[in-house]
Amino acid sequence: PRRHVRRCRARVTAGTTADLKAVVTTAIVADAAHSDTIAAVSTPPGRGGIGIVRVSGSRAREICSAILDGAVTWLPRHAHLIKVLDEERREIDTGLATWFPSPHSYTGEEVVELSLHGSPVVLRACLERLCAVGARLAQPGEFSLRAFINGRLDLPQAEAVRDLIEATTLYQARVAAQQVSGSLSRRLAPAKKDLIDLISLLEAGIDFAEDDISVATTVEITRRADAVRAGVTRLAESFGYGRLVHEGVTLAIVGRPNVGKSSLFNRILGQDRAIVTSTAGTTRDTISETAAVGGIPVKLVDTAGVRESSDPIESLGIERSRQALADADLTVVVLDISQPLTPEDHQLITFARESGQFLIVANKCDLPPRAAVLSGVVPVSALTGEGIDALRERIVAALAPDGGTAQEEGFITSLRHERLLRDCANDLEKASRAAEDAIPHEMVLLDFYAALRSLDAITGATSADDILNRIFATFCIGK
Ligand code: GDP
């Protein structure tokens with residue numbers, strides 16, 4: 001059995017860290033698909049002042065030169081005035097070309113960026129010419145994939161580039177920008193180092209096993225494994241907050257007609273309307289918009305946009321409100337404090353309480369109050385703006401009670417990272433149990449190696465080809 005275990009271990013060892021990265025990378029690079037010169041329009045679809053066509057690969061300059069008028073004396077990182085020609089050598093557009101020599105470019109390969117006028121027709125014609133003279137259209141995310149393969153970015157950094165582009169709030173962008181600069185990999189480095197130290201210790205012990213020298217006691221092993229596990233688990237748990245920041249939340253605004261739901265909706269939206277392009281999920285019966293509340297994209301759903309109905313119950317909006325609050329992460333019940341409370345108000349509060357997290361807002365606090373303010377209720381005036389900042393704070397506190405700690409310690413925003421951190425923690429836990437049960441260290445090591453593989457998979461040191469393809473396929477073309 002011991003020999004068998006050793007063989008297993010050898011196999012596992014061969015599959016870790018740098019070795020596997022080399023294997024994976026070689027496999028990808030060997031694939032001809034990654035060695036040709038690729039081109040894509042890197043600016044968004046539509047018209048604009050400028051549109052950029054990016055070309056990457058060893059033949060980038062040669063291919064670009066073939067579609068340009070006259071010879072270009074390429075200087076690194078200089079703007080060159082160029083004319084793009086069609087196949088009959090008629091001018092398509094005038095623009096600027098910039099050459100980034102390998103390896104000092106985004107992809108690590110030779111890159112040429114052609115800045116042309118931002119007309120879809122011009123850009124497409126240019127792209128077609130490039131393809132006619134030897135370039136290939138880039139796949140989604142292929143520029144970033146190449147940057148990863150060439151060691152310009154690790155996986156969390158590449159994923160963060162995508163998040164940065166897709167950010168809808170400035171806070172999301174700031175979080176992503178930090179990760180582009182490698183914050184997650186730096187954060188994981190100490191855990192990884194401790195784990196490798198522990199593995200080395202056990203490996204050394206095995207080599208001396210025949211001499212009956214024990215280099216690591218069970219207590220020592222479990223103490224060190226548990227310390228790594230605690231750090232990894234804390235980071236995994238920060239996804240609770242990171243997910244809010246990354247994916248945003250839905251907030252339903254409910255209340256009787258005329259209590260001021262729409263006014264409040266617009267107040268919260270204010271200038272902090274998040275920049276969202278997709279309206280998916282907007283139902284016909286409700287209005288929804290996304291605001292940045294404490295940096296978190298909050299989708300506000302206002303039930304006031306609903307058609308009036310002749311059905312008396314329907315007209316109270318109760319059924320619709322009920323639906324909206326069933327779907328929401330947080331419900332804001334709006335009361336009109338300048339009126340006595342009605343049975344409908346109480347009913348909505350009951351519904352809100354049953355359906356999960358809620359806040360009660362006493363609107364129109366600029367008017368003389370005619371209802372007693374219940375405790376815990378946030379007084380606001382959608383008309384004057386009074387109390388809106390306090391309401392925003394209450395919303396953030398309700399949605400992200402541990403946001404402060406997460407912001408201080410750093411947090412993860414990717415489900416992929418969370419899964420891998422949890423896997424790592426589970427394997428560390430298994431290793432500790434095994435060590436306590438006096439299982440031979442060869443076996444304990446298997447769990448430690450598995451834990452290390454999970455950490456490596458986060459940074460991309462050991463990610464299999466299909467995982468890479470899945471990640472980079474979520475990028476847009478030209479990135
Ligand atoms: P909804 O039917 O709940 O969406 O209510 P609206 O937002 O349409 O507001 C109903 C009426 O109340 C409008 O005339 C608003 O101008 C008024 N209103 C809303 N909020 C306030 C407030 O804070 N103070 C005062 N005085 N009037 C308000």
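Which of the 16 residues around the ligand come nearest? They are N258, K261, S262, S263 and D366, where a residue counts as near a molecule or strand if one of its heavy atoms lies within 4 Å of it. The model behind this is predicted, so to speak of local features takes a pLDDT of at least 70 and side-chain atom pairs count only at pLDDT 80 or more, while totals for chains, interfaces and linings use all residues. Residues are numbered from 1 along each chain as its sequence is written, and side-chain values use heavy atoms, with hydrogens and water left out.

Back to the ligand and its polar contacts, meaning pairs of N or O atoms within 3.5 Å (within protein, one must be able to donate a hydrogen and the other to accept it, and residues adjacent in sequence count only if both atoms are side-chain atoms). S262 puts a polar side-chain atom 2.8 Å from an oxygen atom of the ligand. K364 also offers a polar side-chain atom, at 3.0 Å from a ligand oxygen. With G260 it is the backbone that takes part: one of its N or O atoms sits 3.0 Å from an oxygen atom of the ligand.

Next, the sheets. Helices (H or I, at least four residues) and strands (E, at least two) are DSSP runs numbered from the N terminus, and two strands pair if DSSP finds at least two bridges between them. One open sheet has six strands in the order β8-β9-β7-β10-β11-β12, with mixed pairing. Its edges are β8 (287-293) and β12 (378-379), each pairing on one side only. At the β12 end, β11 (residues 358-363) runs parallel to β12 and is joined to it by two bridges, and A362 has P379 as its bridge partner in β12.

At the other end, β8 and β9 run antiparallel, joined by seven bridges; V293 is partnered there with I296 of β9. The two strands make a hairpin with two residues between them, and G294 in the turn has a positive phi of about 60 degrees. On to β7, which runs parallel to β9 through five bridges, with L251 bridged to L300 in β9. Six of the seven residues of β9 are buried, so the strand is largely enclosed by the rest of the structure; buried means under 20% relative accessible area, exposed over 50%, and partly exposed in between (1.4 Å probe, protein chains only). Helix α10 (residues 239-247) lies across β7 (249-254) and β9 (296-302), at about 65 degrees to β9. Such angles run from 0 to 180 degrees between N-to-C directions, using axes fitted to C-alpha atoms (for helices, over the stretch in contact), and contact means heavy atoms within 4.5 Å.

Another open sheet, also mixed, has six strands in the order β3-β4-β5-β2-β1-β6. Here β3 (79-85) and β6 (136-137) are the edge strands, each with pairing on one side only. Strands β1 (residues 38-41) and β2 (residues 48-56) are antiparallel over four bridges, and A39 finds its partner in V55 of β2. Helix α4 (residues 120-132) packs on this sheet, touching β1, β2, β3, β4 (91-100), β5 (111-118) and β6, at about 150 degrees to β5. Helix α5 (residues 142-149) packs on the sheet too, touching β1, β2 and β6, and makes about 135 degrees with β1.

As for cysteines, the whole structure has zero disulfides, a disulfide being a pair of cysteine sulfur atoms within 2.5 Å. For C131, the nearest cysteine sulfur belongs to C126, 9.5 Å away. C131 is partly exposed at 28% relative accessible area, whereas C424 is buried at 0%.
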